[in-house]
Amino acid sequence: MSISDLFDSGFKKRNEDHFAAIVRVAMSDGIINNEERAFLDRLARNLGIDDHDYSVILKDYKTHPINPPTSYELRLERLFDLARMVWVDHIQSDDQVNMLEKFCVGLGFRPDNAKYITDKALHLVQEGVDIEIFKEEMKAMNK
């Protein structure tokens, strides 16, 4: 096996784990509605997840760990994806918000800030900001 094969498989695994985390949020209410499905379809394409892996992850999403990115930028990008998945339901159920708080901790944010980060992330997504504004606002929230 070459070095590039190792890199590709690690990258693929991280994308699959990220996708599974978002599926977990989508499934927190027991169903995946049409909007969630469309979001998952787009995300799977962007993450390079093929149809076979997509269906395997849908069936077995709980077995994938939350692998926090090493950079703050990537953590914010994953948080943006997760917050958008919660918001796409148009109903922020307690289960979904609590799960997002847990994912914040899993992504490497401090537990004592998880609720504050979750609230801010959901507020920004509700406003319809893009990823760049989301990252700027999240970085500036403690200033």
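**Exercise 1. The core.** Which residues have the most contacts inside the largest nonpolar core, and how many residues does this core have?

Solution. The model is a predicted one. Its largest nonpolar core has 40 residues. Those with the most contacts inside this core are Phe19, Leu40, Leu79, Leu82, Met85, Phe134 and Met138. Next, look at where the core residues come from: α1 (3-26), α2, α3 (51-60), α4, α5 (94-106), α6 and α7 each supply at least two of them. The helix that gives the most is α4, with eight residues.

Now take one core residue by itself. Leaving aside residues up to four places away in sequence, methionine 138 touches Tyr72, Leu76, Leu79, Ile117, Lys120, Ala121 and Leu124.

**Exercise 2. The length of α2.** Compare the expected span of helix α2 with the distance between its end C-alpha atoms.

Solution. Helix α2 covers residues 34-47, which is 14 residues. The expected span is 1.5 Å times one less than the number of residues. For α2 this gives 20 Å, and the end C-alpha atoms are 20 Å apart, so the two values agree.

**Exercise 3. The two sides of α2.** Which residues of α2 are buried, and which exposed residues lie on the face turned away from them?

Solution. A residue counts as buried under 20% relative accessible area and as exposed over 50%. In α2 the buried residues are Glu36, Phe39, Leu40, Leu43, Ala44 and Leu47. Viewed down the axis of α2, these buried residues fall within an arc of 135°, so they line one face of the helix. The face turned away from the buried side carries the exposed residues Asn34, Arg45 and Asn46.

**Exercise 4. The ends of α2.** Describe what is found at the start of α2 and just after it.

Solution. At the start of α2, a side-chain oxygen of asparagine 33 comes to within 2.8 Å of the backbone nitrogen of glutamate 36. Glutamate 36 is also one of the buried residues of the helix. Just after α2, glycine 48 has a positive phi of about 75°.

**Exercise 5. Salt bridges.** How many salt bridges are there, and why does the pair of glutamate 77 and lysine 135 tie together separate parts of the sequence?

Solution. The count is nine salt bridges. In one of them, glutamate 77 pairs with lysine 135, and their closest N and O atoms are 3.0 Å apart. Glutamate 77 belongs to helix α4 (residues 72-88) and lysine 135 to helix α7 (residues 131-140), so this pair ties together parts that are 58 residues apart in sequence. With a relative accessible area of 30%, glutamate 77 is partly exposed, whereas lysine 135, at 6%, counts as buried.

A second salt bridge joins the side chains of arginine 110 and aspartate 112, at 2.7 Å from N to O. Both arginine 110 and aspartate 112 are exposed.

A third one links lysine 115 to aspartate 119, with 3.4 Å between the closest N and O atoms. The two residues are four apart in helix α6 (residues 114-126), so about one helical turn separates them. Aspartate 119 is partly exposed, at 39% relative accessible area. Salt bridges with shared partners also join Glu73, Glu77, Glu132, Lys135 and Lys139 into one network.

**Exercise 6. Lysine 12.** Where is lysine 12 found, and what separates its C-alpha atom from that of isoleucine 49?

Solution. Lysine 12 is in helix α1 and counts as partly exposed, at 36% relative accessibility. Lysine 12 and isoleucine 49 are 37 residues apart along the chain, and their C-alpha atoms are separated by 8.0 Å.

Methods
Residues are numbered from 1 along each chain as its sequence is written. This is a predicted model: local features need pLDDT of at least 70, side-chain atom pairs count only at pLDDT 80 or more; totals for chains, interfaces and linings use all residues. Side-chain values use heavy atoms; hydrogens and water are left out. Buried means under 20% relative accessible area, exposed over 50%, partly exposed in between (1.4 Å probe, protein chains only). The arc is that of the directions from the helix axis to the C-beta atoms. A polar contact is a pair of N or O atoms within 3.5 Å; within protein, one must be able to donate a hydrogen and the other to accept it, and residues adjacent in sequence count only if both atoms are side-chain atoms. A salt bridge is a side-chain nitrogen of Lys or Arg within 4 Å of a carboxyl oxygen of Asp or Glu. A nonpolar core is a set of buried Ala, Val, Leu, Ile, Met, Phe, Trp, Tyr and Cys residues joined through side-chain atoms within 4.5 Å. Contact means heavy atoms within 4.5 Å.
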